Amino acid sequence: MKKILLISVGIVTLFITGCQDFLVEDNKSNVVADKYYLTESGYATLFSSCYSTLRDVYGGEPYLFCAGTDMYEEGRSEQPEGISEYRNLLSEDSYVKSFFSDCYQAIQMCNTGLYYNELTEEVSGLEQMKGELRFLRANYYFLLVQSFGGVSIVTDMISEPVTAFDRPSAADVYTFIIDELKESLALVPETQTQFGRVTKRAVRHLLSKVYLTRGYQSYAEADDFSNAASFAEAAINGQGLDLSFEEVFSPGNEQNPEVIFSIQYDRVSMLDPKQDGNMQSAFFGPYYGGEGASEKYPYRSSRLVSTKYVFDLFNENDSRWEASFMTVYYDKYYDYYDKDPESLDALYYYVLPWAFDDTTSWRNENIEHRAEALIWRYGDIWWAGPLGIVGVSVPTVRKFDDPSSDFGTSSSTRDIFLARLGETYLIAAEAYFKMDDNIKAAAKINEVRKRAAKPGKESQMEITPSDVDIDLILDERARELIGEYHRWFDLARTGTLVERTKLYNREIRDWFNNGINPFEGIDGNLKLLRPIPQEAIDLNSGNYPQNPGYGS
């Protein structure tokens, strides 16, 4: 653990690019940190670098957030087997190690920011900044405790080698997170002039999720679910879901009123937009007809494709189907955004079973494709396209499409939404359900479904209190949050990881069908948490036991 937590402050805090106008890179590596960070410009650089750590944790390959769940399975490229199928998930896993390390490096950056916050005198707004840094630090600890259980709580800036860390309980970590967020709530403002900085609403949203998650645990407090509901209601604060679902995710509309907290990306502030952006669009976007640049659109890997379970969630009344998935493909993919669709010929398009009863009637109604169309079925999805065309086989997520990104690159400069109002409603619904108040739970879910309804179909989208159970809540979260970085944590929180992946994930189901439980570890325990990286254990002289399922 020494190598992971021991960080050279002078390097880490000075070589991270910033986000938009309040996060600007400033390389001052030739200046002594103690002097530089006491100045107004120096502390501003350090503060912005703390926000930039969000990119390090969330901006790369999203396997730990999404793979190995009921919603996503292997697409064009192989997934890391340990993360996606669990059976060979070992303590040496490189993805787990990177995630663990990135979170602690981000925490150490925040610790450094908080250390100099107490010493700096020239900067205005220091108390507010302190609240923002404590929010960021709490968010990283929340990622860690959900993924690994109890982890070391480090709050000091480390400038000299430390070789021994003990491992407190997960209950202790949750207590720390909640205390941090309450301190943050008292310090940050209701609104910020710079979009992307922490507000009270962002803190309330995260507090609601922390309380909700702890409420499922054996060490839960009696009022966790009621606290989750209260903080979610405070974050909602009477705001309705007034934008259409497509408007929320429309390219260029990332700073809309429903975004509570997001990771900022901006071409102007990035050294290399082709490399320094995020991979959300690349992983869920389409691979079709070439390697990106040759077909005049950014490369997309289509590595995480939706399972049949996801497609089967939708019906003809739900606008989120077309808003979430690219159902029509053109010769140049981004012609969808840039040109009049009436002037273009579709190469592919997808329709669900409510669109036609059989292929014969479909051919008769679509004369231009009647003779030459190849039609086949994937679960409840019908696929249609001209004969001879080879490409993607199932609809891909388009919520994160970035028409402005450079040709041939997998890097997107669109923001990553970490918290938005639609999810806040669903957090409140889940909390009310756990409080046995299905009337309020249904009301919150219906607000989400009403916005998702096609015009005139609002009543058909309504559910009743008797419909509410954990499966309905998870199904609704799946429809609303496709491709967003929540699903592994949703299943881990609700204790449904094994059950739902066995039911809906093809690779994991195949293991079970062959008589093998891929979650069963070498010590007979289930792998319900990620393994503590072996290097962190080997380098630590303190008491730091491994998680169940991974041996001693």
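**Strands, core and salt bridges**

Q: Which strand is joined to strand E2 (residues 259–263) by four bridges?
A: Strands are DSSP runs of E, at least two residues, and helices are runs of H or I, at least four, numbered from the N terminus. Two strands pair if DSSP finds at least two bridges between them. E2 has four bridges to an antiparallel partner, and that partner is E10.

Q: What kind of model is this?
A: Residues count from 1 along each chain as its sequence is written, and side-chain values use heavy atoms, without hydrogens or water. Local features need pLDDT of at least 70 and side-chain atom pairs 80 or more, while totals for chains, interfaces and linings use all residues, as this is a predicted model.

Q: Which residue of E10 is the bridge partner of Val259?
A: E10 spans residues 416–420. The bridge from Val259 reaches Arg420.

Q: How many residues of E10 are buried?
A: Buried means under 20% relative accessible area, exposed over 50%, and partly exposed in between (1.4 Å probe, protein chains only). Strand E10 is mostly covered. Its buried count is five of five.

Q: Which helix gives the largest share of the largest nonpolar core?
A: A nonpolar core is a set of buried Ala, Val, Leu, Ile, Met, Phe, Trp, Tyr and Cys residues joined through side-chain atoms within 4.5 Å. The largest one has 133 residues. Of these, 13 come from residues 126–148, helix H8.

Q: Which residues have the most contacts inside that core?
A: Contact means heavy atoms within 4.5 Å. Leaving aside neighbours within four places in sequence, Leu136 touches Cys50, Tyr51, Leu54, Cys110 and Phe261. The residues with the most contacts inside the core are Tyr58, Leu136 and Phe261.

Q: How many residues apart in sequence are Glu476 and Arg320?
A: A salt bridge puts a side-chain nitrogen of Lys or Arg within 4 Å of a carboxyl oxygen of Asp or Glu. Glu476 and Arg320 form one at 2.7 Å, N to O. Glu476 sits in helix H22 (residues 470–480) and Arg320 in helix H15 (residues 320–324), a separation of 156 residues.

Q: Is Arg320 buried or exposed?
A: Its relative accessible area is 0%. So Arg320 counts as buried.

Q: Which residue in helix H20 forms a salt bridge with Glu476?
A: The closest N and O atoms of this pair are 2.7 Å apart. The partner lies in helix H20 (residues 438–452), 27 residues from Glu476. Salt bridges with shared partners join both residues into one network, which includes Asp318 and Arg420. The partner is Arg449.
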